[in-house]
Every structure is written in structure tokens, then in C-alpha cells.
Amino acid sequence: MRLILLFALLFSLPGFSQVINIIPNPSKIELKAGFLNFKQGLSIKTYGDDAELSGIARLFGNSLFGSKEWKVPESKNGAKLIILQILESPDNSSADESYSIRVFTDSVLIQSHTYRGLFYGCESATQLFINSVLTNEIPCMEITDTPQYAYRGMLLDVCRHFFSTDVVKQYIDLMAELKLNVFHWHLTDDQGWRIEIKKYPRLTEVGGWCTQKDGFKYGGYYTQKEIKEIVAYAAERYITVIPEIELPGHSSAAIAAYPFLSCTPNEPKTVPTTWGIKKDIYCPSDSTFNFLKDVLDEVCALFPEQYIHMGGDEAPKDAWKKSRIAQALMQREHLKNEEELQHYFLKKMEDYLATKGKRCIGWGEIVKGGLSDSVLVMSWLNKKAGVKAIAHGNQVIMTPRVYCYFDYPQKLSDKKPTLWMLFLGLHKVYRFSPMANSIPVEKRNLVLGGQANVWTEYIIDEKRLHHQIMPRLAAMAEALWSKHKNFADFRERLNNSAVLK
Ligand code: TNX
């Protein structure tokens, strides 16, 4: 009977993947004869006992057995073994994220050439087992899996509304479950400066708070200790944290704390409580450059990874047009217009970061005033800036707002049907591809991947944050990880998933 069932499953694609509800969909699942029955329990065993392997086993155990205190137990009588193994390989590259899972009737073998691959194997296995807790049985199978894109990100804006480290950790957990690997932490903006900088305490004392109309003081920030804690928490889950320190625009909070950063330092400054694009931006003066270099010194020390995001979006040039300092600099450096001045500004920071071995990322607008060779472009209005950057030979991350902006409502408002563009349903996210037809085949490797962006102007607390993210993040994860996509099949797996909702 079981055999008949097995064959029925085998030949009813995508039917069989409804038994195996893994999101994002693995590259290949081959069903084999027989079942693994784990009524007597499961037990995790590692080949080797180095700290990193034990760390992966501990997290795997936590998510499988749901206990924060969980330790890898000795094999119990009757419990089926899940074996974790790093494969030796001459070309073991740390960027490799592939893994395999083999389910036999008496054990499960998860293998990878890298720790991060093994971690993803465990994430898939967690979904396999948790989704089968009612039957305590899964079919024998072989899964081989590798991602389509290397960069699979999520941005969280903690400036417009502030979120505690606990909430940030929950989101990192969710990202890890979905095999997303870059947490883009939007830490500075007009409405709040959220990262402690020891040399400039007013950034958080003043810039971390705004006074609302009713007199309520809203805000918050992360201490350097908390930042380190998040970076370590993410690293344990193979997630890179990219901090964003916005310049030259979206900088009102810093300016409110240190008015000398503005071209009009004598005008009154406050941390704004309204949204939108602000005209007061960093003045391109030596004192601003020195300030930013000092800030970057502390930021680089906190984030060990290679990339720092320097913003570059939505910076109106009104203030620079009127500023003696800005105009004199343009003349001295033979810059034709204010866009070129923005490029000069960013390049100065990029060169400084390069002395520390860091690479710089900027929003799409940075392609306007000239593009340096090593900067990464994050294309957000649409894919055009990305396509232009690729023609120039730069690497890009695609995050066009019509597919990737999770601040947009999930359902079209009945009251405002004209806001069609601001509606982002699950299917549309699923259809997202970071690629564009106009990118020549030989340059496609410059598209590193894509990212979901969670801007929080209207996301006031963690409940709404979760509402905006799920289930769209699951669709985004599959759009970035899986080569073979099928929305109906994805929906089935999502509906049947006990893990992701
Ligand atoms: C544009 S995306 C912005 C954000 C806003 C967002 C709202 C980008 C680089 N800038 O500052 O929060 O739209 O959807």
C-alpha cells in the first residue's frame, strides 16, 4: 500500500512537494522507497566536535525541539539519528551555500562543504520534521540544494519607528529560517539616529528622540554593546549585517544634534516628526567630512563584515545651491553640478572606507553624478540604475519598490484604488526576479541578488511589523533562492507549513 502511495506521490508533481513543504523550494528532491519513522524521537550527532559545528547542532536542536536550553542529547534507544557532517573538499569555498539531506529508513545525513551550507541543511530539515509531527514519518529521499542568488537581503528601518533588540533578533530568526543572508540595518535617518557613537554622544541623546505634537518624546537607540550582540547573533545564523549610515540626505537627526553639519547652522533644527524628503542635508565642509570619518571609524569597528551602506538617495540639492561652502568646493574641484558634488562627497567616504578594507554600497541615485568602480549599487526606484551600473561594470543588488517594498499594504485599499502602485500582493513578490532582460548574458553575474525593504513610517509596532512581513518574506526568499518557481505549488507549501505563516 505504501509503495503504491509512494509511486502516486512520485508521479504527481507538484503533489509530492506538498508532502515536503520546504520554503524556499530546494533545487532537487528525489523520493526513494521506504519511510523514516521517528515516533521514538530524534537525536542529533555531529561528525567532529569543533565549536562551529556544535553551534549549528545546538541551534538545530533548539528549533527542532523548541527548547532554548536544548543540548545535543546522547542517542536514546529507538531515536533516529540525524548526522551532521562537513565534507572535506579541495575547493572548499566559504561562499558555497549548498547542502544535501539524505533520509534513510533509520537515519538522516545532512552534509555540506561549508558550515553555512550545513546550517541551511538544518533549516530545511527543521521544516521537514516540524511539518510531519502529526504522522512522525517522512518518506526516504535525497535533497540537493543550492541558491540561485548569493545576496538575499532584508532591510529594516529602525529610524521612523524604533524596534527593540528582541524584535530585531526575532526577524533575524525568521530570515535564517528562510535562508536569507543579509540584514540591512537602516540605522540613521531624518527621524532618528539609532546607533551610539561614543565621540558624538548628542547623536543619540538628541538625534535619537523626537517630540511629538502632544509633547510625547518618542525614540530610542542601540548601544554599541547591543549592536555587537546583534551582529554576533546574526553571524551565528550566517547572516551578514550591513549598517546604513545615510548621507548626504536623510540626515536631519544628526543635524539636529550637531547643527554645524548643515549649510545653515544658525537656523533652528529639530528631529522631524513628519515623513518625506527633507531639504536640510549635510554640508560638504571639512568639518562634516571629519565628523563622518570619525563616525565611520566607530561603525567599522562594530561591523566586521566588508560592506557599509552609505545611502545616497533622495538628497535635494537646494541647500548646496545656496551654500558658499558647497559652491566654492565645486569650483575648486571643477565639478559641473551638484550631482557631481554628491559623487565627490560619496567618493571621499568610499576612499576612506577602502583604507579600512571596506566596500561601500549606495542607493540607485548614486549613478547620476559619476560612478566609482568598486561601489555596489542598490537599485530601488526600478531596475534602471542597476542596469546602468552593470553597463559600467559594477555589482548591483536589485530591490525595485513595486516588488520589494514591504511597507506597501498587502491588499489594495477599496477607498484609494488609484494608489495601485502602492499595493504589493504575495503573487507579485513571488514573481520578482533581480534579473532584467536588458542585461547581457556575460554581465549577469554582476547581479548579486535582491532584497525586501521594510520602511516603517506607518509600521508603529512589532505586531504590524510582522503583519507586513509575513507571508511576503517567504515569497521573496523563494524568488531569490529557488531556480524553479511555481506560485500554485508555493501557495500549497505555505498553506501546509506548520513553521511559516
Ligand atoms: C523611499 S528607498 C525611501 C525611504 C522611504 C520609502 C518609503 C529609499 C532609498 N528611500 O526613505 O522610507 O521610500 O516607501
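This passage describes a six-stranded sheet and the surroundings of the ligand in a predicted model.

In the predicted model, six strands are arranged as an open sheet of mixed pairing, and their order across the sheet is S1-S6-S4-S5-S3-S2. The edges are taken by strand S1, residues 28–37, and strand S2, residues 42–46; each of these has a single partner strand, so one side of each is left without a neighbour in the sheet. On average, neighbouring strands of this sheet are turned by 20 degrees against each other, direction ignored.

Within the sheet, strand S4 (residues 99–103) pairs with strand S6 (residues 137–145) in the antiparallel sense, and the pairing extends over five bridges. Arg-102 is found opposite Glu-142, a residue of S6. Helix H3, which comprises residues 51–65, lies across S2, strand S3 (80–86) and strand S5 (107–112), and runs at about 170 degrees to S2.

The ligand is surrounded by Arg-160, His-250, Asp-313, Glu-314, Trp-363, Trp-380, Tyr-405, Asp-407, Tyr-408, Trp-455 and Glu-457, a shell that divides into five nonpolar, one polar and five charged residues. Among these residues, Arg-160 places a polar side-chain atom 2.8 Å from an oxygen atom of the ligand, and for Asp-407 the distance from a polar side-chain atom to an oxygen atom of the ligand is 2.6 Å. In the case of Asp-313, an N or O atom of the side chain lies 2.9 Å from a nitrogen atom of the ligand. Of the 360 Å² of accessible area that the ligand has on its own, 90% is covered by the protein.

Conventions. Residues are numbered from 1 along each chain as its sequence is written. This is a predicted model: local features need pLDDT of at least 70, side-chain atom pairs count only at pLDDT 80 or more; totals for chains, interfaces and linings use all residues. Side-chain values use heavy atoms; hydrogens and water are left out. Two strands pair if DSSP finds at least two bridges between them. Helices (H or I, at least four residues) and strands (E, at least two) are DSSP runs, numbered from the N terminus. Axes are lines fitted to C-alpha atoms, for helices over the stretch in contact, and angles run from 0 to 180 degrees between N-to-C directions. Contact means heavy atoms within 4.5 Å. A residue is near a molecule or strand if one of its heavy atoms lies within 4 Å of it. A polar contact is a pair of N or O atoms within 3.5 Å; within protein, one must be able to donate a hydrogen and the other to accept it, and residues adjacent in sequence count only if both atoms are side-chain atoms. Accessible areas come from the Shrake-Rupley method with a 1.4 Å probe; for residues, only the protein chains shown count as cover. Ala, Val, Leu, Ile, Met, Phe, Trp, Tyr, Cys and Pro count as nonpolar, Asp, Glu, Lys and Arg as charged, and the others, Gly among them, as polar.
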